[in-house]
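Here's a quick briefing on the enclosed empty space inside this protein. Have the structure open while you read.

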Amino acid sequence: MTTAPSSSLLARRLRRRPLQPLKPATSSAFSLRALVAAMAVGVPALQAQAADPAGQSLKEVTVSAGADASTEGTGAYTTRATSTATRLDLSIKDTPQSISVVTRSQMDDFALQNVNEVLDNATGIQVERIETDRTYYSARGFDISNFQVDGLGLPFTNGGQEGDMDTALFDRVEVLRGANGLMSSTGNPSATINFVRKRPTTDFQASAGLSLGSWNNRRLDADIAGPLNAAGTLRGRLVLADQDKNSYLDRYSLHKQVLSAVLEADLAPSTRLSAGLSYQKNQPRGSMWGALPLYNTDGSATQYPVSTSTAANWSNWNTSDARSFIELAHQLDSGWQVKGVLSQRLLRSEGDLFYAYGTPDASTGLGLYSYPSYYRSREKQTLVDVYASGPFDLAGRRHELVLGASTARSDTQQLSWYSADIGTALPSLSHWTGNYTQPSFDAYSNSASFVIRRQSVYGTARWNLSDRLKLFTGGNVTQVDSSGQNYGVQHQYAKTKALPYLGGTYALDTQHNLYASYAGIFNPQTEVGANLQPLPPIEGRNLEVGAKGEWFERRLNASASVFRTQQNNTAEATATYVGSTLVYRTVDATSTGFELDVAGRLTPAWELSGGFTHMRIRNDSTGADARTYVPRQTLRLSTVYKLDRLPGLKLGANLRWQSQISRDQGVTDTQGREIVTRQAAYALVGLMARYDFDAHWSATFNIDNLTDRKYINSLYWAQGFYGAPRNAKLSVQWRF
């Protein structure tokens with residue numbers, strides 16, 4: 001007899017683990033106001049040290065941070081500078097951590113229109129598509145919990161990205177692999193994904209695009225930027241996108257609308273005020289909650305058409321994401337800069353969901369049962385970050401320093417309602433059309449309501465020990481606290497943690513560096529152990545050493561690194577209940593491996609981006625392989641070439657390959673044998689061609705999954721669904 005999963009289990013599947021918080025110890029309490037005051041005193045003193053020895057001030061410098069790093073309109077597959085790791089504007093070569101960049105040109109060439117498509121092409125990143133409208137991500141074997149925009153963000157509350165996240169708003173996406181405790185403090189030692197906004201331009205520019213693709217995929221884009229007054233001291237940018245598409249999956253469709261508006265004003269030659277807002281609304285239909293069963297009762301693997309979906313006709317999971325920010329930056333004559341940012345994000349989610357549970361019979365396909373639910377969520381995030389950065393002199397050499405403080409608050413409200421018809425037998429998925437009467441969601445409910453607060457002070461120094469040797473030292477002290485309840489479990493935790501940062505680079509010559517770095521991170525948890533007390537926070541650390549090179553005036557970057565990443569105290573369900581509460585145990589795991597990465601211009605006509613990752617992941621207690629659903633080897637490669645004999649024509653290809661993965665399902669078949677689901681190694685190939693008819697008009701044609709490979713998207717969960725088959729897209733663009 002099959003029983004329905006408990007409401008608490010389904011609630012966990014819906015929301016995953018929220019960020020697990022903490023309450024600061026009063027003995028370690030610090031004041032953001034006090035730190036800002038200290039900066040106000042300290043920065044002028046350092047500014048005086050940085051003055052010209054003869055007592056003359058340095059020449060006036062206007063605020064232009066980030067301009068050198070912009071990739072828009074360059075055709076480049078790399079960036080010339082990044083600050084994601086340290087808040088210092090450094091080249092990739094001079095940054096002592098692994099960084100990859102997906103540029104605006106690469107996104108346009110291969111029609112990478114959402115975050116999943118972008119990260120599919122990033123070195124070392126695994127995109128875990130578990131459902132149609134929810135995704136998890138991993139790097140170096142561990143979950144990625146930090147997405148940022150312009151260097152600011154809070155960890156995922158529910159463990160992953162809910163809904164589509166469009167890329168029309170961004171100039172580039174920077175991927176910092178390893179722990180990022182200096183700038184993020186809370187999270188996992190996997191990677192930080194930083195989305196860098198498009199900004200207003202000093203010259204007028206405008207573009208519009210139309211895309212048509214497989215499964216009735218239709219998209220319109222518009223982007224206009226430039227000065228708003230004669231002096232050019234006020235500039236603006238407006239980005240719009242509207243996409244409506246069906247899917248290879250039965251009954252699934254998505255309509256999304258995207259808006260971004262940014263203003264910049266030069267209040268003085270050295271002072272810039274920026275403000276902006278963005279909004280994305282996703283309206284999917286036929287949304288999957290959970291996915292397909294992967295095995296039958298006899299242990300054999302299920303086999304379905306690629307289009308198979310468990311969604312009901314009425315299923316939906318609408319989401320919206322509204323962001324706003326205001327930023328003030330002031331450049332001092334000494335080279336110091338002070339910047340303050342206030343950012344707010346409002347996430348809303350609402351859906352009528354349908355989950356199918358059970359194990360089908362291999363001969364009849366019967367054995368699945370219904371679990372409908374209504375879900376609503378509202379999350380408001382507010383962040384404030386203030387920092388100062390610049391040079392100072394000590395012992396006859398010039399060094400660089402960053403001092404900053406941030407405070408953040410996240411308020412989350414969630415509600416789930418369930419119907420009385422849970423456990424209704426379903427037909428075989430071979431005959432499933434989604435025809436299921438939508439029930440009334442009024443049988444019983446469960447909810448979550450909690451607040452997470454985080455305060456940090458951070459600092460890093462780049463010590464110029466010699467012309468060749470640079471040492472990075474720094475740290476972050478963070479307080480996190482939470483209060484409230486999360487689906488019947490108290491969401492209360494308190495922690496203060498100091499995280500060190502240490503790195504160094506050694507220049508072999510002007511083009512090649514050796515580097516090493518050590519960084520830590522932590523992630524508070526609300527899961528409880530057998531004593532019904534919260535588990536200790538996840539502790540993560542990353543050690544890596546490697547070599548980097550840059551050529552052609554930073555237009556080509558390459559790196560090779562060896563890493564060791566450790567994550568301790570990760571909560572793992574035990575399938576044991578104390579009363580009605582599921583209890584967890586902690587697991588320690590370590591991944592070791594190496595990565596190769598290259599991106600940029602090989603010749604004036606040839607751009608390349610690629611990376612290879614090889615690793616192993618071990619359970620520290622048993623020595624056995626851990627997280628076997630994560631591929632041990634991945635290869636990413638994208639390249640384009642402009643033909644000299646046919647001016648205006650660009651041809652390209654991309655490749656995504658991963659080694660085999662597996663999942664021990666934790667159950668046995670009718671013969672008592674352990675059931676293991678496996679996905680063999682596979683490669684996905686894409687092609688592109690672009691032709692510029694003149695300076696204003698161009699057309700791009702893309703084909704994805706050229707060989708029509710059938711594969712399971714992810715084994716992150718016990719269920720899964722198939723990836724997209726061969727598909728094509730044609731885009732026409734006009735530029736002013």
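**Cavities at a glance**

The lining of the largest cavity splits into 19 nonpolar, 19 polar and eleven charged residues. Bear in mind that this is a predicted model. In total, seven cavities of 30 Å³ or more turn up in the structure, and the notes below take the largest and the second largest in turn.

**The largest cavity**

- This cavity encloses about 1000 Å³ of space.
- It is lined by 49 residues, and the ones closest to its centre are Asn114, Glu117, Arg129, Lys245 and Ala724.
- Which elements give two or more residues to this lining? They are helix H4 (115-120) plus the strands E3 (134-139), E11 (234-246), E29 (649-658), E32 (682-692) and E35 (727-735).
- H4 supplies the largest share of the lining, with four residues.

**The second largest cavity**

- Here the volume comes to about 490 Å³.
- The lining is made up of 35 residues, with Gln161, Glu162, Asp321, Arg345 and Leu347 closest to the centre.
- The elements giving two or more residues to this lining are the strands E5 (146-149), E6 (161-162), E13 (271-285), E15 (316-331), E16 (337-358), E17 (368-394) and E18 (397-418).
- Sorted by class, the lining of the second largest cavity holds ten nonpolar, 16 polar and nine charged residues.

Definitions and conventions:
Residues are numbered from 1 along each chain as its sequence is written. This is a predicted model: local features need pLDDT of at least 70, side-chain atom pairs count only at pLDDT 80 or more; totals for chains, interfaces and linings use all residues. Side-chain values use heavy atoms; hydrogens and water are left out. On a 1 Å grid over the protein atoms alone, a cavity is a set of points where a 1.4 Å probe fits but cannot get out, and a pocket is an open set with protein on both sides within 12 Å along at least five of seven lines; lining residues have an atom within 4 Å of a point. Grid points are joined across faces, edges and corners, and a volume is the space filled by probe spheres set on the points. Ala, Val, Leu, Ile, Met, Phe, Trp, Tyr, Cys and Pro count as nonpolar, Asp, Glu, Lys and Arg as charged, and the others, Gly among them, as polar.
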